[in-house]
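Open your viewer, switch to a cartoon view and keep the selection tool at hand. We will go from stop to stop, selecting a few residues at a time.

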Amino acid sequence: MVANKRCLLWDWTNTDGPGHAGVPWAMDKVDFKGPFSSVCNWNTWVPPELKGRAPFRPMVHLEAQLSGGDWQNIQNTKENVILFFNEPERNGISAQHAADVWHKQMLPLRQHKGKKLVSPSCASDPKGQAWLADFMHRVQDNPPDLVGVHYYGTDGKAAIDFIQGVHKKYPKHHIMVTEIASTSRNYHDVVDFTVKFANWADSTDWIFEYGFFGCMRKVADGFVSPAAQLMKPDGNFTPLMDKLMHEVPMKL
């Protein structure tokens, strides 16, 4: 089984920036000859340390990215897949407003520049999925190329069942799992979740890509699991990152 559909979720703080030192050298340790097929940093700007070694997935994260330098980055990008809105339902953006922006700003990127567009990526809870259904109804005449999905939980089978349910709702669309991770605090359970999901996704033709959260030095918040981190505090990779970088199929 050869599958290159793992997206490296590379936190923006790994890149050197004003007021903070990143770990750009860590990108040199990523094996881009394996299953990692792309990189996303939840932003419109390419991490300079990527150096063209893999496709970048620019994201119109929220409203701020619809104007100024961020929007210029989106308009000028040579990359062919663009992500639209990250958990808008948790950030005060209505499906109606998102659909208005979709028609006004996002669709021209496909119509005039040939870009593939990913729907907003919502949480897997009922609120998130209701928001996505509302949005998909409002853009049904010009739907996204790919449906974006987030999933966090402790059961790999439940994750697969949920993603299959999303595809059943939108059968004409391939799915991009833009964030997924086990929230278990037990490392063996995290590995079981990761292996189960990755091997299923690698062998499922309608999964376009999937990204395990996340490659960052600090745990993002109290919800995500320290046991699922892909990067250590010093910038070196965890054993889980090494598995994701090299194993197809993944092994327990």
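What follows is a walk through charged pairs, enclosed spaces and a few loop residues of this predicted model.

**Stop 1: a lysine ahead of the first strand**

Begin by selecting Lys5, in the segment before β1, the strand that spans residues 6-9. Show its side chain and look for a partner of opposite charge: Lys5 is buried yet has no salt bridge. The nearest side chain of opposite charge belongs to Asp202, 5.7 Å away. A salt bridge needs a side-chain nitrogen within 4 Å of a carboxyl oxygen, so Asp202 at 5.7 Å does not qualify.

What does the side chain of Lys5 reach instead? Follow it to the backbone oxygen of Ile207, at 3.0 Å. Now display the surroundings: leaving aside residues up to four places away in sequence, Lys5 touches Pro35, Ser37, Ala201, Asp202, Thr204, Ile207, Phe208, Glu209 and Tyr210.

**Stop 2: from Glu209 to Arg57**

Keep Glu209 from that list of contacts and add Arg57 to the selection. Their side chains meet in a salt bridge, 2.7 Å from N to O. Glu209 sits in strand β8 (residues 207-212) and Arg57 in the loop between β2 (36-40) and β3 (59-60), so this pair ties together parts that are 152 residues apart in sequence. Are the two partners buried or exposed? Glu209 counts as buried because its relative accessibility is 2%, and Arg57 counts as buried too, at 6%.

**Stop 3: other charged pairs**

The model has 11 salt bridges in total, so there is more to click on. Select Asp145 and Arg110 next: their closest N and O atoms are 3.1 Å apart, and they form a salt bridge. This pair links distant parts of the chain, with Asp145 in the loop between α3 (126-138) and β6 (146-153) and Arg110 in helix α2 (residues 95-113), 35 residues apart. With a relative accessibility of 29%, Asp145 counts as partly exposed.

For a group with shared partners, select Asp28, Lys51 and Arg53: salt bridges join them into one network.

Then pick Glu87 and Arg90, whose side chains meet in a salt bridge at 3.8 Å, N to O. Glu87 counts as buried, at 15% relative accessibility. Leave these two selected for the next stop.

**Stop 4: the largest pocket**

Where do Glu87 and Arg90 sit relative to the largest pocket? They are among the residues closest to its centre, along with Tyr152, Glu179 and Phe223. In total 14 residues line this pocket, which has a volume of about 270 Å³. Colour β6 as well, since that strand provides the largest share of the lining, three residues.

**Stop 5: an enclosed space**

Rolling a probe the size of a water molecule over the atoms shows where empty space is left. Here the count comes to one cavity of 30 Å³ or more, and the largest cavity has a volume of about 40 Å³. To see its walls, select Arg6, Cys7, Leu8, Leu9, Phe36, Tyr210, Gly211, Phe212, Leu230 and Leu244. The elements that give two or more residues to this lining are β1 and β8, and β1 gives the most, with four.

**Stop 6: two residues between β1 and β2**

Move on to the loop between β1 and β2 and select Trp12, which lies there. Trp12 counts as partly exposed, at 42% relative accessibility. Add Asn43: it is 31 residues away along the chain, while the two C-alpha atoms are separated by 7.7 Å. Beyond residues up to four places away in sequence, Trp12 touches His20, Asn41, Asn43 and Trp45.

Now choose Asn14, which lies in the loop between β1 and β2 as well. Asn14 is buried, with a relative accessible area of 0%. Show its contacts, again without residues up to four places away in sequence: Gly22, Val23, Pro24, Glu49, Cys215, Met216, Arg217 and Met231.

**Stop 7: an exposed proline**

Finish with Pro48, in the loop between β2 and β3. Is Pro48 buried or exposed? Its relative accessibility is 57%, so Pro48 counts as exposed. For a last distance, draw a line from Pro48 to Met27: they are 21 residues apart in sequence and 9.9 Å apart in space, C-alpha to C-alpha.

Conventions: Residues are numbered from 1 along each chain as its sequence is written. This is a predicted model: local features need pLDDT of at least 70, side-chain atom pairs count only at pLDDT 80 or more; totals for chains, interfaces and linings use all residues. Side-chain values use heavy atoms; hydrogens and water are left out. Buried means under 20% relative accessible area, exposed over 50%, partly exposed in between (1.4 Å probe, protein chains only). Lys and Arg count as positive and Asp and Glu as negative; His and the chain ends are not counted. A polar contact is a pair of N or O atoms within 3.5 Å; within protein, one must be able to donate a hydrogen and the other to accept it, and residues adjacent in sequence count only if both atoms are side-chain atoms. Contact means heavy atoms within 4.5 Å. On a 1 Å grid over the protein atoms alone, a cavity is a set of points where a 1.4 Å probe fits but cannot get out, and a pocket is an open set with protein on both sides within 12 Å along at least five of seven lines; lining residues have an atom within 4 Å of a point. Grid points are joined across faces, edges and corners, and a volume is the space filled by probe spheres set on the points.
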